[in-house]
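Biologist: I would like to learn how to read a model of this kind with some care, taking one kind of feature at a time. Could we begin with empty space inside a protein?

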Amino acid sequence: MPKDISLRLQYAFFITLFALAHAPFAYAEQLPRPDHVVVVIEENRGYAQIMDRLNINSYIHALAMRGVLFTQSYGVSHPSQPNYLALFSGSTFGITNNACPNSFDSDNLAKRLMDGGLSFASYVESLPSVGSLACGSGAYQRKHNPVSNWPQLSPALNQRFADFPRDFSRLPTVSFVIPNQDHDMHDGSFETADDWLKANIAPYADWAMQHNSLLIITWDEDNYLADNRIVTVMLGPMVKAGKSTQRINHYNLLRTLLDFYGLPALGASADAGAVSGIWINQ
């Protein structure tokens with residue numbers, strides 16, 4: 001082959017490689033690596049109920065204005081319990097009720113994090129005691145506390161909300177915060193839940209903005225009247241404020257939590273993409 005043709009072919013080859021490497025579809029979006037993520041799970045309200053203009057002066061609306069509001073976020077099932085299981089493990093296990101107790105031995109978010117040298121804890125309001133396996137106690141219900149269904153996990157991961165650190169730098173890598181049924185909109189009002197979030201989560205939200213950390217507030221399911229469309233809000237210094245119309249569900253959230261730290265996908269999250277298009281390149 002003449003030398004000039006060979007050089008032209010080599011040049012064309014490298015130009016093609018360069019174009020592929022810089023094409024938007026050729027690589028996955030680089031995700032941030034938050035120092036801490038707190039996921040707060042609320043109950044049984046559809047998107048329209050939460051984002052109603054009557055609630056415009058609420059703390060939840062203020063968070064949505066400061067962070068990113070997902071306008072096409074969905075639960076994966078009804079009633080409550082399978083949604084919590086999906087977010088924690090990537091599977092509903094065919095559960096279609098809130099029956100208690102359940103026991104599973106599959107991999108889960110906590111195990112994935114700990115296998116990767118990271119940490120997890122669930123902070124559950126009105127939990128009778130650390131590690132409690134009670135099905136219910138006052139306004140506490142185990143159906144909303146997925147970590148309690150994996151007996152191989154340390155009881156120390158199943159904490160009371162009273163144990164939520166006031167020094168937020170001591171938080172685990174990923175935390176679930178689960179208000180009781182009076183404060184998560186299950187039994188109480190929007191206003192009561194909003195006041196609880198402002199009193200108990202606002203300090204972390206403000207701290208997170210200065211400490212490479214992330215707050216996620218989501219709902220388990222809607223009120224059965226809106227195709228299971230729910231509100232999800234993310235707030236942190238790595239997030240672009242605004243609205244996102246990408247369609248996501250609990251499996252996408254789980255995949256995102258795992259991808260933050262380069263951990264293998266779990267269950268149905270393997271077929272769900274991580275949340276994209278909202279991250280500030282750092």
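Modeller: This is a predicted model, and the structure holds one cavity of 30 Å³ or more. As a general idea, rolling a probe the size of a water molecule over the atoms shows where empty space is left. Here about 40 Å³ of space lies in the largest cavity, and its lining is formed by Val124, Glu125, Ala139, Tyr140, Gln141, His144, Ile178, Pro179, Asn180 and Gln181. By class, that lining divides into five nonpolar, four polar and one charged residue.

Biologist: What volume does the largest pocket have, and which residues line it?

Modeller: The largest pocket has a volume of about 180 Å³, and the residues lining it are Tyr47, Met51, Arg53, Ile56, His61, Ala64, Met65, Leu69, Gly242 and Lys243. Two elements, α3 (59-66) and β10 (242-249), each give two or more residues to this lining, and the largest share, three residues, comes from α3. Six of the lining residues are nonpolar, two are polar and two are charged. The second largest pocket holds about 150 Å³ of space and is lined by 14 residues, with Leu133, Ser148, Trp150, Pro151 and Leu153 lying nearest its centre.

Biologist: How many residues of helix α4 are buried, and what covers them?

Modeller: The general idea is that an α-helix has 3.6 residues a turn, so residues three or four places apart point the same way. In helix α4 (residues 80-89), 10 of the 10 residues are buried, so this helix is largely enclosed by the rest of the structure. The cover over its buried residues includes β1 (36-42), α5 (109-115), β3 (120-124), β7 (174-178) and α8 (250-260).

Biologist: His250 is found in helix α8; is His250 buried or exposed, and which residues does it contact beyond its neighbours in sequence?

Modeller: His250 is buried, with a relative accessible area of 2%. A polar atom of the His250 side chain lies 3.0 Å from the backbone oxygen of Asp220. Leaving aside neighbours within four places in sequence, the contacts of His250 include Asn83, Ala86 and Leu87 as well as Thr218, Trp219 and Asp220.

Biologist: How should I read the backbone angles, and where are there cis peptide bonds?

Modeller: Most residues other than glycine have a negative phi, and most peptide bonds are trans. In this model the peptide bond from His78 to Pro79 is cis, with omega near -5°, and Pro79 lies in the loop between β2 (68-74) and α4. The bond from Cys100 to Pro101 is also cis, with omega near 5°, and Pro101 belongs to the loop between α4 and α5. Met185, in the loop between β7 and α6 (190-200), has a positive phi near 80° and is buried, with a relative accessible area of 0%. Asp227 has a positive phi near 60°, but at 60% relative accessibility Asp227 counts as exposed; its place is in the loop between β8 (213-219) and β9 (229-235).

Biologist: What average pLDDT does the protein have, and where is the pLDDT below 50?

Modeller: The protein averages a pLDDT of 92, and 90% of the residues score at least 70. Over residues 11-27, however, the pLDDT is below 50, and beyond near neighbours in sequence this stretch has two contacts in the model. Where pLDDT is low, the predicted coordinates should not be read in detail.

Technical notes:
Residues are numbered from 1 along each chain as its sequence is written. Side-chain values use heavy atoms; hydrogens and water are left out. On a 1 Å grid over the protein atoms alone, a cavity is a set of points where a 1.4 Å probe fits but cannot get out, and a pocket is an open set with protein on both sides within 12 Å along at least five of seven lines; lining residues have an atom within 4 Å of a point. Grid points are joined across faces, edges and corners, and a volume is the space filled by probe spheres set on the points. Helices (H or I, at least four residues) and strands (E, at least two) are DSSP runs, numbered from the N terminus. Ala, Val, Leu, Ile, Met, Phe, Trp, Tyr, Cys and Pro count as nonpolar, Asp, Glu, Lys and Arg as charged, and the others, Gly among them, as polar. Buried means under 20% relative accessible area, exposed over 50%, partly exposed in between (1.4 Å probe, protein chains only). Contact means heavy atoms within 4.5 Å. pLDDT is the predictor's confidence in each residue, from 0 to 100. A polar contact is a pair of N or O atoms within 3.5 Å; within protein, one must be able to donate a hydrogen and the other to accept it, and residues adjacent in sequence count only if both atoms are side-chain atoms.
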